[in-house]
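Thank you all for coming; I would like to walk you through a structure slowly, one kind of contact at a time. Please have it open in front of you as we go.

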Amino acid sequence: MSRAFSPGLQVHSSYLVQKRRELPIRGEILVQQGQRVEGDQIVARAKLDGELRIVRVSDELGIAPAELAQSLTVAQGDTVQQGAVLAEMRGLWGLFRSTVSAPISGTIEFISLSTGHIGLRAAAQPLNLTAYIAGTVSAIEAERAVIIETQSTFVQGIFGVGGERLGIIHLLAVKEDGIVDVQHVPNDTQGLILVGGCSPTIAALTKATAGGAVGFITGSIDGATLSAYLGYDIGIALTGDEDISMTVIVTEGFGSVAISRRVLDALRQVDGMSASINGATQVRAGAQRPEIIAPATSVAQHDRCAASNGLVVGARVRLIRVPYFGATGTVEQLPHELEQIESGAMARVLRARLEGGAIVTVPRANVELL
């Protein structure tokens, strides 16, 4: 059971990536099998039903629901503009007039004489699905999905925020263990994915965002800096939907940990090239890691991930569950017997000496090799 652990983060200079791009509802596929597509190309589209707004006409006019038919100025199926009169009621001798107007533009979906309500459906919203990665369409599921594949430079991060972005890889002039500050960030970062260093300052992140950067890949980040960048504290169970213009991916952990040389070596080969990135992270069941996908390079020496010796005493590991998320250390012991963990369950564990010297006991499934 020495191999009962999560594998290390993948770093490849030539790796076959396959992406399933799926519509949430049935729609129209715009590409054909075998077709070459670009990352920003729309490969499928659908229409999402617009909002259904209920207008309580009888209540607003002060009439019984059964009287609604006499007040209507529209019929089911009519298309109306915002502000158009839906119903009106004239008082004695026509001296007083009360009206109910459409709160939004849309189509009259129903008129209920039992409730006195009108259902107004807003126009359908188009949903365009892009390829995300440049590659070849390898398969199509009619009206629903396409699978795109490409041989690529593929790098995984340990944590990220922000969704899918396309940009140009740009290595920063900073050392692997250097803290990224404003002087390291170019003034014009439009469309760039910045790479390098560790523990960027909030000033550096702000400058990169203001300059138009779409991505920031670094070794680590301080929790307070991340909160300041987002504007709120964030959990680490599920990310990717944050309302930010620049996706941030860390490759090593939290705090001040240098970006790994193997990540830098791989991304240096694609410096100046177009890449696709996604900061979405899920650290529980069905784990999802942030990713960087760029054109494949021919430098085979970078095609490696975790060490091949497996989980042994002396192996370098990273912890991937709270409360030690992102911490790195060395395996000190690998007990053969099951031990009770904090949840009360019995599991195979290991004891690791962290960088600060503390020895912790964690389930083997909660670590990955470095």
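I will talk about salt bridges, then a sheet, then a threonine, and lastly the aromatic pairs.

Please keep in mind throughout that what you see is a predicted model.

Let us begin with the charged side chains, where a search of the whole structure turns up 15 salt bridges, and I will take a few of them in turn. In one of these, Glu88 is joined to Arg97, with the closest N and O atoms 2.6 Å apart. Glu88 is partly exposed, at 22% relative accessibility, and Arg97 is partly exposed as well, with a relative accessible area of 47%.

Another salt bridge brings together the side chains of Arg121 and Glu109, at 2.8 Å from N to O. Because Arg121 belongs to strand 10 (residues 117-121) and Glu109 to strand 9 (residues 106-112), this pair ties together parts that are 12 residues apart in sequence. Here, too, we can look at accessibility: Arg121 is partly exposed at 24%, and Glu109 is partly exposed at 33%.

A further case sits within a single helix, where the side chains of Asp265 and Arg268 meet in a salt bridge with an N to O distance of 3.2 Å. Both residues lie in helix 5 (residues 261-268), and they are 3 residues apart, which is about one turn of the helix. Salt bridges can also share partners, and in this way Arg20, Glu22 and Glu141 are joined into one network.

Now let us turn to the backbone, and to an open sheet that 3 strands form in the order 2-4-11, with antiparallel pairing. Which strands are at the edges of this sheet? They are strand 2 (28-29) and strand 11 (125-130), each of which pairs on one side only. Strand 2 is joined to strand 4 (residues 42-48) by 2 bridges, and these strands run antiparallel; if you look for Glu28, you will find that its bridge partner in strand 4 is Arg45.

The next residue I would like you to find is Thr247, which is in strand 18 (residues 247-254). Is Thr247 buried or exposed? Thr247 has a relative accessible area of 0%, so we call it buried. A polar atom of its side chain lies 2.8 Å from the backbone oxygen of Gly163. Leaving aside residues up to four places away in sequence, Thr247 touches a number of others, among them Val161, Gly162, Val214, Phe216 and Ile277.

Strand 18 will come up again as we reach the aromatic rings, for which the count comes to 2 pairs. Tyr15 and Phe154 form a stacked pair, with 5.0 Å from centre to centre and 10° between the planes. This pair links distant parts of the chain, since Tyr15 is in strand 1 (residues 11-22) and Phe154 is in strand 13 (residues 145-156), 139 residues apart. Tyr15 is partly exposed at 27%, whereas Phe154 is buried at 7%.

Phe159 and Phe254 form a tilted pair, with their centres 5.2 Å apart and 50° between the planes. Phe159 lies in strand 14 (residues 159-161) and Phe254 in strand 18, so the pair ties together parts that are 95 residues apart in sequence. Of these partners, Phe159 is buried, with a relative accessible area of 3%, while Phe254 is partly exposed at 25%.

Key: Residues numbered from 1 in each chain as written. Predicted model: local features only at pLDDT ≥ 70, side-chain atom pairs only at ≥ 80, totals over all residues. Heavy atoms only, no water. Salt bridge = Lys/Arg side-chain N within 4 Å of Asp/Glu carboxyl O. Buried < 20%, exposed > 50% of the residue type's maximum accessible area, 1.4 Å probe, protein only. Helix = DSSP H or I, 4+ residues; strand = E, 2+ residues; numbered from the N terminus. Pairing = 2+ DSSP bridges. Polar contact = N/O pair within 3.5 Å; in protein donor to acceptor, adjacent residues only side chain to side chain. Contact = heavy atoms within 4.5 Å. Phe/Tyr/Trp six-rings, centres within 6.5 Å; stacked < 30°, edge-to-face > 60°.
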